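Here's a protein chain to explore together. Have a look at the picture, turn it around a bit, and then we'll walk through it piece by piece.

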Amino acid sequence: MSTLPVFRWHLAPDGYATRRQLRARDLRPGGQGVAAQLERPRRRGRPPQVAFLYRVDLALPVRPMTPGRWRAHDAMMRARRTCPECHRDAGYVIPPTLGSCVTCAYPEEQRAA
């Protein structure tokens, strides 16, 4: 078992990137494992924040969105916007903390307005 190289925050050498940094370059890890990690120290004895790094030279281009993927994405977003109580499209993603649209979650406030 080999250990990962650990770099301090902002001190990673060129050739490594986080998933987000790869995505900004239109790349993806492409099945490679984590190559290294960044650690950002924190105060008061809390554990450090960790970010995983991937090698840029092994990254692959992002797969293009096909019409089928767009349909699946649209269906997923439509499901997140549909209120389970009134079955209407709320026009926004329904917060999981409410579990329904604002109108159904707070009906007394809607009548008062």
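Leaving aside residues up to four places away in sequence, which residues does Arg28 touch? Keep in mind that what you see is a predicted model. In that model, Arg28 touches Leu22, plus Ala59, Leu60, Pro61, Val62 and Arg63. One of these partners also shows up in a more specific pairing: the Arg28 side chain reaches the backbone oxygen of Pro61 at 2.9 Å.

Where does Arg28 sit? You'll find Arg28 in strand β3, which covers residues 27-28. Its relative accessibility is 23%, so Arg28 counts as partly exposed; the buried label is for values under 20%. For a sense of distance, try Leu11: Arg28 and Leu11 are 17 residues apart in sequence, and their C-alpha atoms are 22 Å apart in space.

**Zooming out to the chain**

Now for the whole thing. The chain has four helices and six strands. Reading from the N terminus, the order of elements is β-β-α-β-β-β-β-α-α-α. The chain is more spread out than a compact globule, because its radius of gyration is 22 Å, well over the 13 Å that the globule rule gives for 113 residues. The C-alpha trace spans about 60 × 45 × 25 Å along its principal axes.

How much of the chain is buried? Of the 113 residues, 17% count that way. The accessible surface comes to about 8900 Å², with 53% of it belonging to carbon and sulfur atoms. As for contacts between residues at least 6 apart in sequence, 47% join residues at least 24 apart.

Charges are worth a look too. There are 20 positive and 9 negative side chains in the chain, and the centres of the two sets lie 6 Å apart.

**Four residues to compare**

Here are some other residues to find in the picture, each with its place and accessibility.

| Residue | Place | Relative accessible area |
|---|---|---|
| Gln37 | strand β4 (residues 36-40) | 13%, buried |
| Ser100 | loop between α2 (67-81) and α3 (102-105) | 1%, buried |
| His10 | loop between β1 (6-8) and β2 (16-17) | 72%, exposed |
| His87 | loop between α2 and α3 | 62%, exposed |

Let's start with Gln37. Not counting residues up to four places away in sequence, Gln37 touches Leu4, Pro5, Val6 and Phe7, and also Val50, Ala51, Phe52 and Leu53. The side chain of Gln37 also makes a polar contact with the side chain of Glu39, at 3.2 Å.

Ser100 lies in a loop, yet Ser100 is buried, with a relative accessibility of 1%. What does Ser100 touch, not counting residues up to four places away in sequence? The answer is Cys83, Pro84, Glu85, Ile94 and Ala105.

**Two backbone angles to notice**

Most residues other than glycine have a negative phi. Against that background, His10 has a phi near 70°, a positive value. His87 has a positive phi as well, near 60°. As for how open these two are, His10 counts as exposed at 72% relative accessibility, and His87 is exposed with a relative accessible area of 62%.

Terms used: Residues are numbered from 1 along each chain as its sequence is written. This is a predicted model: local features need pLDDT of at least 70, side-chain atom pairs count only at pLDDT 80 or more; totals for chains, interfaces and linings use all residues. Side-chain values use heavy atoms; hydrogens and water are left out. Helices (H or I, at least four residues) and strands (E, at least two) are DSSP runs, numbered from the N terminus. Buried means under 20% relative accessible area, exposed over 50%, partly exposed in between (1.4 Å probe, protein chains only). Contact means heavy atoms within 4.5 Å. A polar contact is a pair of N or O atoms within 3.5 Å; within protein, one must be able to donate a hydrogen and the other to accept it, and residues adjacent in sequence count only if both atoms are side-chain atoms. The radius of gyration is taken over C-alpha atoms; the globule rule is 2.2 Å times the number of residues to the power 0.38. Accessible areas come from the Shrake-Rupley method with a 1.4 Å probe; for residues, only the protein chains shown count as cover. Lys and Arg count as positive and Asp and Glu as negative; His and the chain ends are not counted. The place of a charge is taken as NZ of Lys, CZ of Arg, CG of Asp or CD of Glu.
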